[in-house]
Amino acid sequence: LIDALIKGGYTDDDFSNPFERVDTAGVSTKSFYKAKPEDYQWVSKVIANDQSNKQQITTLLVLINTGARISEIVKGTYQDGWLIIKEGKNKASVRSVPLPDSLSSCRQEDIATSIDSFRRWFNKQRPHVMLTPHSFRHGFKSAARVAQADEITVERLLGHTIPKMALIYGEFPRDVLRREAVKVQAVIEDWTVASLRQDQ
């Protein structure tokens, strides 16, 4: 709102947005557990051992491969290998996220019927209490760094508010989104199947 007032000329010439000067570096992220490679290995064990809950497993696979929030996955729509998020936490959350090839035929009926049902199943399965569905959102960002994916494109995939000029000028073509997502998904795939290679 303040930026819109400044750009619209409704403020004094020397007025600046005071919120841009706030230092958020000191904010603790201790409460946010970031999924680690061994947590992705747990996913492969769940897939191998729990074939009776296909909707929950598909939801988990979408979760780890998109970095989307669980609410976005359950409420989203699925079309031609993309998760379409039409409502989210903020304006930046409205986006399309490419699914990996293994989930390209995913449809709404393949996903958990509610956030609560998925959380109940997840909490019974998880290897430790620190791991939550949101942990894989943070894990997606870690995988993006390992993959050396373009930072701004990854922010768009996650639905984060990104620098104003990056939003004002140009679009994020689907092929660019897919190119960067594939890099991240390859790292996640490597982490996920690592335990299967060790077992052989």
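**Exercise 1. How are helices α2 and α6 oriented: parallel, perpendicular or oblique to each other?**

Solution. The structure is a predicted model.

Step 1. Two packed helices are described by the angle between their axes and the distance between the axes.

Step 2. Helix α2 covers residues 37-49 and helix α6 covers residues 135-147; their axes come within 10 Å and cross at roughly 120 degrees.

Step 3. Roughly perpendicular covers 65 to 115 degrees, and roughly antiparallel needs an angle over 145. The crossing at roughly 120 degrees fits neither class, so α2 and α6 are oblique to each other.

Step 4. The crossing in which α2 passes α6 is left-handed.

**Exercise 2. State which residues of α2 and α6 meet, and sort them by class.**

Solution.

Step 1. On the α2 side the contact involves D39, Y40, W42 and V43, and on the α6 side F136, G139 and F140.

Step 2. Sorting the contact by class gives 5 nonpolar, 1 polar and 1 charged residues.

Step 3. Asp counts as charged and Gly as polar, so D39 is the charged residue and G139 the polar one. Tyr, Trp, Val and Phe count as nonpolar, which places Y40, W42, V43, F136 and F140 in that class.

**Exercise 3. Trace the salt-bridge network that contains E72, and state what the pair R95 and E72 ties together.**

Solution.

Step 1. The whole structure has 8 salt bridges. Among them is the bridge between E72 and R69, with the closest N and O atoms 2.7 Å apart.

Step 2. E72 also pairs with R95, and here the closest N and O atoms are 2.8 Å apart. R95 belongs to strand β3 (residues 95-98) and E72 to helix α4 (residues 70-75), so this pair ties together parts that are 23 residues apart in sequence.

Step 3. R69, E72 and R95 are thus linked in a network of salt bridges.

Step 4. For burial, the cut-off is a relative accessible area under 20%. E72 has 2% and is buried; R95 has 4% and is buried. R69 is buried as well.

**Exercise 4. For the salt bridge between E180 and R179, decide whether each residue is buried or partly exposed.**

Solution.

Step 1. The side chains of E180 and R179 meet at 2.7 Å, N to O, which is within the 4 Å limit for a salt bridge.

Step 2. The relative accessibility of E180 is 2%. This is under 20%, so E180 counts as buried.

Step 3. The relative accessibility of R179 is 47%. Exposed would need a value over 50%, so R179 counts as partly exposed.

Notes. Residues numbered from 1 in each chain as written. Predicted model: local features only at pLDDT ≥ 70, side-chain atom pairs only at ≥ 80, totals over all residues. Heavy atoms only, no water. Buried < 20%, exposed > 50% of the residue type's maximum accessible area, 1.4 Å probe, protein only. Helix = DSSP H or I, 4+ residues; strand = E, 2+ residues; numbered from the N terminus. Axes fitted to C-alpha atoms, helices over the stretch in contact; angles between N-to-C directions. Parallel < 35°, antiparallel > 145°, perpendicular 65-115°, else oblique. Left-handed = near helix turned anticlockwise from the far one by under 90°. Contact = heavy atoms within 4.5 Å.
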